[in-house]
Amino acid sequence: MTNPIIEISKLNYKYDESTENVLSDINLRIKEKSWTAIVGQNGSGKSTLTKLLNGILQTDSGTIKIDNIKLTNETIWDIRSKMGIVFQNPDNQFVGATVEDDVAFGLENQSVPQSEMKSKVMDALDKVQMTDFANRDPQSLSGGQKQRVAIAGIIALEPKIIILDEATSMLDPSGRYEIIDIIKKLKDELDLTVLSITHDVEEVTVADDVLVLSKGKILKQDKPENIFTDEKLLKQAGLELPFVQKVQQRLISRGINISNDWMNEERLVNEIWKYHLNK
């Protein structure tokens, strides 16, 4: 069995004494090298949870362990070195005059020798297919290109965990697919653990696991196919079916004889072809 890289036990958090808990009795285990999508409506506690993981916020009670290290004031920098966060708006992460300078920024903060820095920067840019833009001003790039640079700046630091905090929400569908595809490849190539906070149900379908939050509590943690076939859960959490499943159910309702099992886009296309060939 794969070891958990993130363990949370009996976590509670509220912004101040006068408010209700933003997160209540959170118990969670995230497997190493897995992709977990965190979903829920606005105010469910998704972003707060990631800020607690990174030590930006401190828990009121409960424990957080990252890679077998308990998060405390003494270990916070060790914890932060193990994870990187890609935010919704990449412009908020840029500090360099050029793409190359920006990716190098985190390495400079870690006092990486200049002789190593150049190769690390170019290797990171190559992994996100942005080497040709090394000398460009980050602000001159498209939204998808900016997110690639933000990702490069993180993987240059060689973290074990990447958190995508609505990282594709400002992109068009083509840009979203490109970023998701890059993260999938990097996850496998670099043995990363990925946490993605998202409202995009299409992004959720690539995950190994889905964590459903509602009003600060975990409703369910399970595989995507078990989440999106649980009608009661979907209604309770305010979630919609992914596009592929909507098409699948619409075809079945119109008498098209295809499987009702959970399927991805490729399998749905194959099912439709089989139906037509057998008519």
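The following paragraphs lead the reader through the strands, helices, loops, surface and largest pocket of this structure.

The model is a predicted one, in which local features need pLDDT of at least 70 and side-chain atom pairs count only at pLDDT 80 or more, while totals for chains, interfaces and linings use all residues. Residues are numbered from 1 along each chain as its sequence is written, and side-chain values use heavy atoms, with hydrogens and water left out.

A suitable starting point is the open sheet of 4 strands, whose order is 2-1-4-5 and whose pairing is antiparallel. Strand 2 (23-31) and strand 5 (69-70) are its edge strands, each pairing on one side only. Helices (H or I, at least four residues) and strands (E, at least two) are DSSP runs, numbered from the N terminus. Two strands are said to pair if DSSP finds at least two bridges between them. In general, strands of a sheet pair through backbone hydrogen bonds, either parallel or antiparallel.

Within this sheet, strand 1 and strand 2 run antiparallel and are joined by 6 bridges, with Leu11 standing opposite Ile26 in strand 2. Strand 1 also pairs with strand 4, again in the antiparallel sense, over 5 bridges; here Glu7 has Lys65 of strand 4 as its bridge partner. Strand 1 is largely enclosed by the rest of the structure, because 7 of its 10 residues are buried. The term buried means under 20% relative accessible area, exposed means over 50%, and partly exposed lies in between (1.4 Å probe, protein chains only). Ile8, which is placed in strand 1 (residues 4-13), counts as buried at 5% relative accessibility. Ile8 and Leu23 are 15 residues apart in sequence, and their C-alpha atoms are 12 Å apart in space.

At the other side of strand 4 (residues 61-66), 2 bridges pair it with strand 5 in the antiparallel sense, and Lys65 has Lys70 of strand 5 as its bridge partner. The loop between strand 4 and strand 5 contains Asn68. Although Asn68 is not a glycine, it has a positive phi of about 70 degrees. Asn68 counts as exposed, at 58% relative accessibility.

A second set of pairings involves strand 3 (residues 35-39), which is mostly covered, with 5 of its 5 residues buried. Both of its faces are covered: Trp35, Ala37 and Val39 lie on one side, Thr36 and Ile38 on the other, and all are buried. Strand 3 runs parallel to strand 8 (residues 193-197), to which 4 bridges join it; the partner of Ile38 in strand 8 is Ile197. Strand 3 also pairs in the parallel sense with strand 9 (residues 209-214), over 4 bridges, and Val39 has Val212 of strand 9 as its bridge partner.

Attention now turns to a helix and a further loop. Helix 1 (residues 46-53) is largely enclosed by the rest of the structure, because 6 of its 8 residues are buried. These buried residues are Lys46, Thr48, Leu49, Thr50, Leu52 and Leu53. Just after helix 1, Gly55 takes a positive phi of about 75 degrees. Glu166, in the loop between strand 7 (161-165) and helix 6 (173-190), likewise has a positive phi, near 55 degrees, in a residue other than glycine. Glu166 is buried, with a relative accessible area of 13%.

The largest pocket has a volume of about 740 Å³. It is lined by 23 residues, of which Met83, Gly84, Gly106, Ile154 and Leu157 lie nearest its centre. The elements that give two or more residues to this lining are helix 2 (76-80), strand 6 (83-86), helix 3 (99-109) and helix 5 (143-155). On a 1 Å grid over the protein atoms alone, a pocket is an open set of points where a 1.4 Å probe fits, with protein on both sides within 12 Å along at least five of seven lines, and lining residues have an atom within 4 Å of a point. Grid points are joined across faces, edges and corners, and the volume is the space filled by probe spheres set on the points.

On the surface, Val269, Trp273 and Leu277 form a nonpolar patch with about 360 Å² of accessible area together. Such a patch joins nonpolar side chains (Val, Leu, Ile, Met, Phe, Trp, Tyr) within 5 Å, from residues with over 30% relative accessible area and no salt bridge, a salt bridge being a side-chain nitrogen of Lys or Arg within 4 Å of a carboxyl oxygen of Asp or Glu. Accessible areas come from the Shrake-Rupley method with a 1.4 Å probe. Trp273 is placed in helix 11 (residues 265-278) and is exposed, with a relative accessible area of 56%.

How values were computed. Patches are made of residues with over 30% relative accessible area and no salt bridge: like charges are joined within 9 Å, nonpolar side chains (Val, Leu, Ile, Met, Phe, Trp, Tyr) within 5 Å.
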